[in-house]
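Colleague: Got a minute to walk me through this one? I'd like to start with where the chains meet.

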Amino acid sequence: MIRVRFFGALRRCADHDGFFELPVDAGAILSAGELKRILTSEFEKRGFRNDLALVSESVIADDETILQDHEPVQVREGLAVLPPVCGG
Amino acid sequence: MNQSTPRIEIHLGPETIAQSAPSSDQETGFGASCEFTGRVRAINFGRAVECVHYDAFVPLAQKALQKIATEALEEAGTSGSVRIEHRTGPVRVGELSVWIQVLTPHRDEAFRVCRTVIERLKHEAPIWKKEVYTDGETEWLKGHSLCATGRNS
């Protein structure tokens, strides 16, 4: 299991510290799109059906960059899931 | 200061925004100054607002804003200085949530860079806001998906 960080409206689906556990081994290499599909599956299992659209509109990111769906990512603690933004 | 080297300062944090004046070397180096300030409104879409909570993925937001400011200066074809401050955490009605200060040699570029920075900030910076209403309800505001921008990567 690894924990990804949730922000914005996704926080309502996270634990108190803003993390969400995913059933993926640390170190595995997946595409960002595959990680989102696993996330979607977990949302369905845990009953967050009302927030599935939010996941589809979100991107996977690390501290440095946003990952496109086709890009490979080494799964690790602290990857972020970013829903639509609205700063200012 | 060397006018050909852009000076870009970014800060995201819970502190009140002070809107500090340009330093003396900036004032003599650039003839135009343009600022944008954003405040929390008391009413939004007919609902009375108590405060707004800003959430941010700070490391990536700093990087995104640095890139936005750099590209805004490049697109305007000017040297300049850009400062961006954005609050995180709770911000009460009437308080500043964002402050952008742009200094350039001439006014047209200052206006254009300032406008570009605030528009792109709203669409591309990983920052979110949750409105807290006076009746106790809360709502995360809808925003812009980063899936389509492709400019942050």
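Colleague: How many residues does the contact take from chain A, and how many from chain B?

Modeller: Bear in mind that this is a predicted model. On the chain A side, β4 (59-61) and β7 (80-82) are the elements that give two or more residues. That side divides into 10 nonpolar, five polar and three charged residues. The contact takes 18 residues from chain A and 27 residues from chain B.

Colleague: On to chain B: which strands sit at the edges of the four-stranded open sheet?

Modeller: The order of that sheet is β1-β5-β7-β2 in chain B, with mixed pairing. From one strand to the next, the twist averages 5°. An edge strand here pairs on one side only, and those are β1 (7-13) and β2 (32-39) of chain B.

Colleague: And which residue of β7(B) stands opposite B:Arg83?

Modeller: Look at β5 (residues 81-87) and β7 (residues 96-104) of chain B, which pair in the antiparallel sense over six bridges. Opposite B:Arg83, in β7(B), you'll find B:Gln101.

Colleague: Which helix packs on the sheet touching β1 and β5 of chain B?

Modeller: Helix α3 (residues 107-124) of chain B lies across β2, β5 and β7, at about 150° to β7(B). The helix touching β1 and β5 makes about 150° with the direction of β1(B), and is α2 (residues 58-76) of chain B.

Colleague: What's the radius of gyration of chain B?

Modeller: Chain B has three helices and nine strands. For its 153 residues the globule rule gives 15 Å, and the chain comes close to that, so it is as compact as a globular protein of that length: its radius of gyration is 16 Å.

Terms used. Residues are numbered from 1 along each chain as its sequence is written. Chains are lettered from A and ligands numbered from 1 in the order in which they are written. This is a predicted model: local features need pLDDT of at least 70, side-chain atom pairs count only at pLDDT 80 or more; totals for chains, interfaces and linings use all residues. The radius of gyration is taken over C-alpha atoms; the globule rule is 2.2 Å times the number of residues to the power 0.38. Two residues are in contact if their C-beta atoms, placed from the backbone, lie within 7 Å. Ala, Val, Leu, Ile, Met, Phe, Trp, Tyr, Cys and Pro count as nonpolar, Asp, Glu, Lys and Arg as charged, and the others, Gly among them, as polar. Two strands pair if DSSP finds at least two bridges between them. Axes are lines fitted to C-alpha atoms, for helices over the stretch in contact, and angles run from 0 to 180 degrees between N-to-C directions.
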